[in-house]
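Please open the model in the viewer and keep the selection panel at hand. The tour begins with the whole chain and then turns inward.

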Amino acid sequence: MKRTIIALACMVLAGPALAQSLGEKTGVNSALGVAPATADFVTQVAISDMFEIESSKLAQQKGNAEEKAFAQQMITDHTKTSNELKGLVGNGKVQAKLPTALDSSHQSKIDKLKNASGKDFSSDYNSYQVSAHEDAVSLFERYAKGGDNAELKDWAGKTLPALKHHLEMAKNLGRAPSVGQSTK
């Protein structure tokens, strides 16, 4: 209990040094359905895109045929959203700073994927894709509903259907179709 209080106090005191607000970093905002602040949204989206691109490049090298096809789609789509976000921030319509590197959580997942192969790689990659896209859908839904920057809010709403499609695709990775089931 004492350690938890000390850890939380450190996090609160280090607030300005954190790339995200405490509510977004801990998942409290997501659990409560609270829209992220613009700076938090931009940070999360940029890190998510970097993670998708980097992890999918590894999948193109190490994955099976299904994962390689999925990975190519992720690289294409997340490069596009990354460029769109950079454009919104770069033209001054969104006041936020873009991160230039992954946070430690995402970097440790990349490191794990780099050292994995075969079924271990597939299991981790597929799991990370589902989790990352669940987080992204939540983030974009919350910002599209309650974000405070009109341009970014509109972009989040327009981007959301593709992320929901990615989530469905990720959930189907590694699942063999059952007899009589369509293999879309």
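Begin with a surface representation of the protein chain: its accessible surface amounts to about 10400 Å², and carbon and sulfur atoms account for 56% of that area. This is a predicted model, and the values given along the tour are computed from it.

Next, colour by burial. Of the 184 residues in the protein chain, 38% count as buried.

Switch to a cartoon view. The protein chain has eight helices and zero strands, and reading along the sequence gives the pattern α-α-α-α-α-α-α-α. If contacts are displayed for residue pairs at least 6 apart in sequence, 71% of those in the protein chain join residues at least 24 apart.

Now turn to the interior. How many cavities of 30 Å³ or more does the structure hold? There is one cavity in that range, and the volume of the largest cavity is about 70 Å³.

To find the helices around the largest cavity, select helix H4 (38–62), helix H5 (65–90), helix H7 (118–146) and helix H8 (150–172); each supplies at least two residues of the lining.

Then show the lining residues of the largest cavity as sticks: Val 45, Ser 48, Asp 49, His 78, Thr 81, Ala 136, Leu 139, Phe 140, Thr 159 and Leu 163.

Finally, colour these sticks by residue class. Which classes make up the lining of the largest cavity? The lining consists of five nonpolar, four polar and one charged residues.

Key:
Residues numbered from 1 in each chain as written. Predicted model: local features only at pLDDT ≥ 70, side-chain atom pairs only at ≥ 80, totals over all residues. Heavy atoms only, no water. 1 Å grid on protein atoms, 1.4 Å probe; cavity = no way out; pocket = protein on both sides within 12 Å on 5 of 7 lines; lining within 4 Å. Points joined across faces, edges and corners; volume = space filled by probe spheres on them. Helix = DSSP H or I, 4+ residues; strand = E, 2+ residues; numbered from the N terminus. Nonpolar A, V, L, I, M, F, W, Y, C, P; charged D, E, K, R; others polar. Buried < 20%, exposed > 50% of the residue type's maximum accessible area, 1.4 Å probe, protein only. Contact = heavy atoms within 4.5 Å. Areas by Shrake-Rupley, 256 points an atom, 1.4 Å probe, with all protein chains shown as cover.
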